[in-house]
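Colleague: Could you take me closely through one part of this model, the place where the two chains meet, and then follow the structure onward from there?

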Amino acid sequence: MLKHKIVFLFVVYLVVFGLFNVYVTWREVSRTVLTEVLRLGEDMGYFLSDSLIEDVLREDILSVQEKIEDFKKVNPHVAYVYVLSPEGKLLAHTFSNGFPRKLLNFNEPSKSPSIQTIITQEGRIHDVSLILVPGMGGELHIGLRDESILKVVNSAVLNMMLLGILSVSVGGIVVLISMQAITKPIKELENGIEKIMRGNYAHRLALFTDDELGALTKAFNKMLEELETKNRQIREYINKLKVTYRRLKRTMERYKALVESVGDGIISLSKDGVILSWNRSAEELTGIKRLEAMGKRIEEVLNIPDKPDAEDNLGVELVLQDKREKTSRRILKIFTRKLSNEGGEWMIILRDVTNEVIKDQLNRKLSYYEQLINVGQLAAWIAHEVNTPLTGIMLSAELLMVECKDAQVKARVEEIISKVETCKHRLDNILRLARTSYAIERKLIDLAEVIDDSIKHCQACKCYNEGIRIVKRYEYGSHYVFGDPFGLREVFENIILNAFQAMKDGGDLKIEIDRDREFIYVRISDTGIGIPEEYLRKIFEPFFTTKKKNGCLGLGLSIANAIVKAHGGEILVESKVGEGSVFTIKLPGRLIA
Amino acid sequence: MISREFIVTTTMVLLLFSILFYVYPPELGGGAVLVDLNEIADATVKQTTSDENVVYFGFDLRLGPKADIEIYAPLMDYLSAKTGKQFKIKYAETYEETQYYLASGIVSFAAIGPVSYVIAEEKYGNVIPLVVGLDSNGAPTYRAVIFTRPDSSIMKIEDLRSHSFAFGSFYSTQGHLIPRIMLEEAGIKIRDFKRYAYLGSHQACAQAVISGLFDAGGMQDTLAYKLESKGLIRIIAVSKPYPRSMIAANKNVDPELLGKVKLALIELDPLGKDANLLDWSKTEFSGGFAEVDLEYYNVYFDLVRRFIQGEES
C-alpha cells in the first residue's frame with residue numbers, strides 16, 4: 001500500500017541518514033579528540049626528552065627511571081614510557097613485569113615524531129615515539145591510552161543515537177497518521193474506480209477535501225458524467241449497427257444464393273488477378289473445385305487468352321477439355337468485367353456455349369450438304385442429258401470410221417472418238433461423285449505409263465509454259481497397281497495441272513515413285529506459289545476453289561481424292577507458301593518382280 | 001519481483017556507506033599492531049646494523065650538554081644533506097674524551113678549541129685543523145675577559161690578588177689559557193689567589209661569580225658581554241685577540257669527505273641564507289668558517305705547554 005511504502009521509505013531514510021550522521025560525528029569527534037591527545041603526547045614527549053637529555057648523555061639511568069615514572073604517575077592516560085639511548089640501549093622503562101620484546105625494535109622515529117597504534121591486553125594504545133637527543137639519536141616512547149577518552153565520546157554518541165531512535169519513532173508515527181489522512185481519499189477514489197469498472201457509471205465520488213485530491217475527485221466525477229453520455233451514445237450506435245448488420249447479412253446470403261444458383265460460372269478476382277470467389281457453376285464448368293482455385297492467380301487455374309487487366313472484354317471463347325469425359329470438349333465463353341468497387345476487383349463470367357456452337361456447325365454442314373445434293377442432282381441431269389447426244393456422236397463416229405477409207409480422215413475420227421470417250425468418262429465421274437460412291441474397274445497397270453500419259457495430256461493444256469522443267473524419277477515396268485487407269489490418270493492430271501497453274505513463271509515439277517512392302521508412293525512436287533495453311537484442310541472439299549475467275553468448279557481434287565480413296569489409298573499434301581507443294585499419292589501396291 | 005525503488009534505494013545506501021567508509025575508515029590510524037605485553041625481551045639493546053654511512057662529530061663542552069647539542073644538532077642535519085653521509089653527535093663529557101675520540105678516529109670531526117687541538121696533536125699526533133670559526137665581524141680570533149660582580153671592589157687584574165677566582169674548563173682556551181696569560185702578564189700567579197677552581201664551563205664559571213661563590217672569573221668574551229649588558233657582571237680586563245676555535249678532523253678521514261665537509265662549512269652564511277639554521281650567537285663561529293693553515297695555531301703550542309701541560313704534570 002502507498003501509505004506503508006511512504007512510511008517505510010521515510011523510516012529507511014531517517015535510519016540510514018541518522019546512522020550516517022551518528023557515524024560521521026562519532027568518527028570526527030573521536031578523530032579530533034585523539035589527534036589532540038596525540039599532539040599532547042608529542043608535546044609531553046618533547047618536554048620529557050628535554051628533561052632527560054643530560055641524564056641520558058651522562059647515562060644517569062637512575063635519574064632517567066625516576067623521571068619517567070614520575071611522568072607516568074602524573075599523566076593517567078600514559079600507559080608506559082621507555083627510553084632507548086643513542087646507542088640503542090634500553091635505559092629505562094615503566095613496565096612492571098619486564099620490557100615487552102616486541103617494543104624494542106618498534107615505531108622508530110625519524111626527524112618528526114612517529115605514531116603507531118598497538119593492541120595489547122590492556123587495550124588499544126597509541127605509541128608516540130620521538131628522537132631523544134637531536135643530532136645523536138636515542139628514542140623516547142610514550143604509550144597513550146584512548147579508552148577513557150573514547151568512552152566519553154562513545155557515551156555522547158550513544159546518547160545521540162538514542163535521541164535519534166526516539167526521533168525516528170516519533171517521526172514514523174507522525175508520518176503514519178499523516179499518511180492515513182492523505183491516503184483515505186485515495187482509497188475512496190480507488191473504491192469508486194472499482195465500482196465504475198464493474199459498470200456502475202452512476203456512481204459519484206464523495207468530496208473530502210479542497211486540496212489537489214479534491215480537485216482530482218471533481219475532475220473524476222465530471223469525467224464520469226461524460227463517460228456515461230458517451231456510453232449511452234455508443235450503445236445506441238451499436239444497436240443501429242446490429243440492425244444494419246442483420247440486413248447486410250441477409251442481402252449477402254441472397255446474393256450468394258443467387259450467384260451459386262446461376263448457370264454461368266462467376267469468378268471474382270483481386271486487382272492482381274488473385275481468385276477471391278468461385279461459384280458452384282464455375283466448379284462444374286471447369287471441373288476445378290472451389291478450394292483448389294481460391295487464392296491462386298487466375299492464370300494458374302484457367303488459360304484465359306485475354307487476361308482481365310484491360311477494359312471489359314466480352315465473348316472470348318475458351319475450349320476446355322471436359323475432365324469427366326476426356327473425349328469431349330466444352331466450349332466456354334468468357335466475359336470479363338471490372339467491378340466498380342474501390343478495390344479495383346474484376347469479375348469473370350464463364351458461359352457454356354458448347355451446344356450452341358455444335359448446333360451452329362451442324363446447321364452450316366446441313367446447308368452445305370443440301371447445296372451439294374442440289375449440285376449433284378444438277379450434275380446428274382446434265383450428265384444424263386449430255387450423255388445421250390455423246391452416245392449418238394460416238395455411234396456416228398464409229399460408223400464413219402468403218403466407212404471412211406481416207407487415212408487422214410480416219411485419224412481425225414479416231415481423235416473424235418477418243419475425246420468423246422474422255423467426255424463420257426468424266427461425266428461418269430460426276431455422276432459417281434454425286435452418288436457419293438465411286439466404283440472403279442481394276443486392272444493391272446504400270447503407273448509410269450499412266451503418269452507419262454497424264455504429263456503428255458497436261459502439257460497440251462494452256463496452263464503449261466516453257467519455263468516449267470519436268471523431272472521424272474521413276475522406272476517403267478516396276479510399279480504396278482490394280483486400279484482404274486482412267487481414274488488414276490485423272491488423279492495425276494488434276495495434281496499436275498494444279499502444279500502447272502502454281503508455276504506461271506516457270507519452275508521444276510518433280511515426279512518420283514517410291515514404295516515399301518505395302519504401298520506405292522507417287523510424289524509430285526512443284527516449286528510454285530504454295531498453298532496457305534488455312535486452305536490445306538479444305539482443298540479436298542468439293543467446290544472449294546481459289547480460281548473461280550477461271551470458271552473452275554472446285555471439283556478436281558475432291559474427285560481425285562475420292563478416286564484414290566476408292567483404291568484404298570490416300571492423298572497427303574505438304575506445302576509452304578512461296579516454296580511450293582508436295583502431293584503424295586499413296587496406293588496399295590503389289591510388288592511385281 | 002524486486003521493485004525498482006528497492007534496487008535504487010539499496011544502491012544509494014550502499015554507495016553512501018562506501019563513500020562514508022572511504023572518507024572515515026572504521027579503524028582510526030589503521031594497521032594496529034598486536035603486542036603481547038607479557039612476552040618479555042631477553043635483551044635490552046636494540047638490534048642495530050653497523051652503518052658505514054654514519055660519521056660521528058664530537059665537540060668540546062662549552063655551554064653545557066643540552067645547550068651545546070642544541071647548537072650542533074642542526075649542523076649535523078646540514079652536513080648530512082651536503083655530504084650524503086649521516087652525521088651524528090658523539091657526546092663526550094670531558095675535553096680529554098673529545099681529544100681522544102678525535103685522535104683515535106671514534107669521531108671524524110670535532111668542534112674544539114685551540115688547547116684541545118694542541119694537546120691532541122702533541123699527545124696523539126693525528127689531528128688537523130679543518131676550518132677556523134669567524135666572529136660576527138668575520139675575524140678568525142676571539143678574546144677572553146676577566147670579570148667580577150658589578151658591585152665588586154675589584155677594579156683591575158692586579159686587585160685580584162688574595163681573592164678567589166673561577167676558571168671554566170681546565171682545557172678551555174678562553175676559560176683558562178687566555179685568562180692565565182692575562183693574569184701572568186699582570187704579574188699574578190694562581191698561587192696568589194685565595195682559592196681557585198675549574199668549573200667545567202663558561203656558564204658554570206659565570207654563575208659561580210654572580211652567585212658570590214668566587215670573587216672573579218675568566219671566560220669567553222661573547223657570553224661575558226651579554227651578561228654585562230644585563231648588569232650581571234662587570235668586565236675588568238679584555239685579552240688581546242687569539243686564533244679562534246676550529247673544526248678539526250682526524251687525519252685518516254677520506255680526503256673526499258674531508259673536502260666536502262670543508263666546503264660545506266665554508267659555504268655556511270650565518271648572516272644570510274643560513275641565519276635560521278641555528279642560534280649562531282651562542283657559537284664560536286657566529287660569522288661562519290674560513291679555511292686555515294696548519295701554522296695558524298702554532299702560537300698556542302708554547303702557551304699550552306707552559307700553562308696546561310705544565311699544570312698537568
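Modeller: In this predicted model, 40 residues of chain A are in contact with 32 residues of chain B. On the side of chain A that touches chain B, helix 1 (2–57), strand 3 (114–120) and strand 4 (123–133) of chain A each supply at least two residues, and helix 1 of chain A gives the most, with twelve residues. Sorted by class, that side of chain A holds 20 nonpolar, eleven polar and nine charged residues.

The meeting of the chains also includes strand pairing, since strand 3 of chain A and strand 1 (residues 33–34) of chain B pair in the parallel sense over two bridges. Within this part, I119(A) stands opposite L34(B), which belongs to strand 1 of chain B.

Residues of both chains also appear in the largest nonpolar core, which has 109 residues and in which V83(A), F57(B), A110(B) and A248(B) have the most contacts. Strand 1 (residues 78–84) of chain A contributes the largest share of this core, seven residues. Apart from this core lies another, of 33 residues, which includes V491(A), F500(A), I513(A) and V522(A).

Two of the residues named for the larger core, A110(B) and A248(B), lead into a sheet of chain B. A248(B), in strand 13 of chain B, is the bridge partner of A110(B), and four bridges join strand 4 (residues 109–112) of chain B to strand 13 (residues 246–250) of chain B, the two running antiparallel. Beyond its neighbours within four places in sequence, A248(B) is in contact with L102(B), A110(B), I112(B), Y117(B), V127(B), I128(B), P129(B) and L130(B).

The open sheet of chain B consists of six strands in the order 3-2-4-13-5-14, with mixed pairing; its edge strands are strand 3 (86–89) and strand 14 (288–291) of chain B, each of which pairs on one side only. On average, and with direction ignored, neighbouring strands of this sheet are turned by 30° against each other. Helix 4 (residues 114–124) of chain B lies across strand 4, strand 5 (127–134) and strand 13 of chain B, and runs at about 175° to strand 5 of chain B.

By way of contrast, helix 1 (residues 4–23) of chain B lies largely in the open, because the number buried among its 20 residues is zero. At 1.5 Å a residue this helix should span 28 Å, and its end C-alpha atoms are 29 Å apart, which agrees.

Key:
Residues numbered from 1 in each chain as written. Chains lettered and ligands numbered in written order. Predicted model: local features only at pLDDT ≥ 70, side-chain atom pairs only at ≥ 80, totals over all residues. Core = buried A, V, L, I, M, F, W, Y, C linked by C-beta atoms within 7 Å. Buried ≥ 20, exposed ≤ 12 C-beta atoms within 10 Å, placed from the backbone. Contact = placed C-beta atoms within 7 Å. Expected span 1.5 Å × (residues − 1). Nonpolar A, V, L, I, M, F, W, Y, C, P; charged D, E, K, R; others polar. Pairing = 2+ DSSP bridges. Axes fitted to C-alpha atoms, helices over the stretch in contact; angles between N-to-C directions.
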